[in-house]
Amino acid sequence: MARDPSPIPPEELTTTPPWQALTAHHRAIGSAHLRDLFAADPERAQRLSVEADGLLVDLSKNRVTHDTLTLLTGLARQRGLAEHIEAMFRGDRINVTEDRPVLHTALRLPRDRRLIVEGSDVVADVHRVLERAYGFARDVRRGNWLGHTDRPLSTVVNIGIGGSDLGPAMAYDALAAVRGEGLDCHFVSNIDGADIASVLARVDPETTLFVVSSKTFTTLETLTNAHTARAWLVERAGSERAVARQFVAVSTNADEVVRFGIDPANMFGFWDWVGGRYSMDSAIGLSLMIAIGPERFTELLAGFHAMDEHFRTAPFERNLPVLLGLLGIWYTNFFGAETHAVLPYAHELGRFPAYLQQLDMESNGKSVTAAGLPVAHATGPVVWGTPGTNGQHAYFQLLHQGTRLVPADFIGFARSNFPGGDHHDLLMANFFAQTEALAFGQDAPAGQPYRSFAGNRPTTTLLAERLTPFVLGQLVALYEHKVFTQGSIWGLNSFDQWGVELGKVLAGRIAPELRAAGDPALGHDGSTNRLIGWYRRHRSDTA
């Protein structure tokens, strides 16, 4: 039997006393300007900054007061957030629609810890798989794992989608400074044939390792790309035996892995309690382990674990994920903000906003509570962003002078992994200038209203000394737990994703209709029937 996902009281969120108090508070201070808030409190920046394990988060440029945070943390307590946190870490089946525990935090527990869930020590299970993956990664990195012509493998192609792609691909770019020499990784996810074709055109069939990542080993996009890669390799090798040497799987479905032709000895497993978007620190990170090495991957896990411990133990008033989550609720539910920008001032974090899109929007993009009731309030925002300073020459115009309120996180570092000339100082000068301009704005010169900057645009600043594996782990876990905080307060199950299922079912029905001979009867709506007909008349039969 699944347990109640949290001790959330039965009343509707918007009718609770803390929510009503926040509504009244917003009426009182919602229009207050950051200029005035800073003028009234010279110590505001110090009071509204929190540091944990070297990660500094400045909340002072948000449209909040001490009373706002007191009311928000009171809401978190009334909604049972502390108990819900413990339920997750303990291994309760808080994913109620799939009747599963949610234990991605166990993936980064140190070897000497124990966590017994339903009679099994999950930490021991995790480290058994981790050691196998580390051993394989070391063999590839040292040139001991040979391809079908006995040449060492120097290229890795990761084939997955969603959490089996976004996490490893993001981290591969983010950790460019610590990647091994002579090893390249490519990430294929899109079922559009251009994706796999562009990669296969650039790799050597004698020295390429394919890592097929799919929990069920039935995911349409992943298996379609994997079969294309398999056919390509077999054709060039002239033998099916090449598959056994140059394909490995990350999956829980041994039968399908064997049917594909991969030796089960080369399958690395994980568990149902690891959600796809929370899986990059499991065996799903195998390609990343090969790229950065087991030692660096261990540092990444340590960063995750440090933030886990902070989230679990820090009081809400100084708890970074809780505070970020509560600020998101403040803007989404009381200011009506519909989007949230994440703006890393680090080229290596170019894929970080895209990674957070799945983490946040797949988790909390829901209109039904965990209890199966319609929500009466807004839930997850649209998450977006690109690295600075590119965004400054694109959409920052809207952030500064547009009509929409867009809360934003600015992520920066004191030291660059690629120092040279004045680049990093100029980058960070822009970083600090943008948050100042967004907060305080500028009055227009006489007769030039187009040069007016209203300011009062909220930002949160996150700073670390340097982007390392440890810091990347901290950042990912910070946002994981921010999303969890918001889902708990909104009453959602943040760990299922039924919203992606209907499209998959319909695609499975439509695909044979696109290829059928003759003029098949179509049972869709008028628009879809007409579009399918147009496509059938114009499609090429070229494979």
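The expected span of a helix is 1.5 Å times one less than its number of residues. I begin with that rule because it allows a direct check on two helices of this structure, which is a predicted model.

Consider helix α18 to start with. It has 22 residues, and the distance from its first C-alpha to its last is 32 Å, close to the 32 Å expected at 1.5 Å a residue. This helix is mostly covered, with 21 of its 22 residues buried. Just after α18, glycine 491 adopts a positive phi of about 80 degrees.

Helix α4, residues 66–78, can be put to the test in turn. Its 13 residues should span 18 Å at 1.5 Å a residue, and its end C-alpha atoms are indeed 18 Å apart, which agrees. Which residues of α4 are buried? They are Thr68, Leu69, Leu72, Thr73, Leu75 and Ala76. These residues cover an arc of only 150 degrees around the axis, which puts them on the same side of α4. As for their surroundings, the buried residues of α4 pack against α1 (17–29), α5 (81–90), α14 (320–334) and α18 (469–490). The helix with which I opened, α18, is therefore one of the packing partners of α4, given that the contact criterion is heavy atoms within 4.5 Å.

I turn now to the sheets, beginning with the one that contains strand β13. This is an open sheet of six strands in the order β1-β2-β13-β12-β10-β11, and its pairing is mixed. At the edges stand β1 (49–52) and β11 (382–384), each of which pairs on one side only. From one strand to the next, the twist averages 15 degrees.

Within this sheet, β13 has β2 and β12 beside it in the strand order. With strand β2, residues 55–58, the pairing is antiparallel and extends over three bridges; here leucine 56 stands opposite leucine 463 of β13. With strand β12, residues 408–413, the pairing is parallel and extends over six bridges; in this case phenylalanine 410 has threonine 461 of β13 as its bridge partner. The connection deserves a remark as well: β12, helix α17 (residues 423–440) and β13 form a right-handed β-α-β unit.

Why is β13, residues 459–464, described as largely enclosed by the rest of the structure? Five of its six residues are buried, that is, under 20% relative accessible area, so the description follows.

The other sheet I wish to show is open and has five strands, in the order β6-β5-β7-β8-β9, with parallel pairing. Its edges are β6 (184–188) and β9 (267–268); each has a single partner strand, so one side of each is left without a neighbour in the sheet. Helix α8, residues 193–200, packs on this sheet, where it touches β5 (155–159), β6 and β7, and its direction makes about 165 degrees with that of β6. Helix α9, residues 220–237, lies across β5, β6, β7 and β8 and runs at about 155 degrees to β7.

Between strand β7, residues 208–213, and strand β8, residues 247–250, there are four bridges, and the two strands run parallel. Valine 211 stands opposite valine 248 in β8.

I close with a single side chain. Histidine 127 is located in helix α6, residues 122–141. Is this residue buried or exposed? Histidine 127 has a relative accessible area of 12%, and it therefore counts as buried. Leaving aside residues up to four places away in sequence, histidine 127 touches Leu109, Pro110 and Arg111.

Key
Residues numbered from 1 in each chain as written. Predicted model: local features only at pLDDT ≥ 70, side-chain atom pairs only at ≥ 80, totals over all residues. Heavy atoms only, no water. Buried < 20%, exposed > 50% of the residue type's maximum accessible area, 1.4 Å probe, protein only. Pairing = 2+ DSSP bridges. Right-handed = clockwise from strand over helix to strand, strands pointing away. Axes fitted to C-alpha atoms, helices over the stretch in contact; angles between N-to-C directions. Arc of directions from axis to C-beta.
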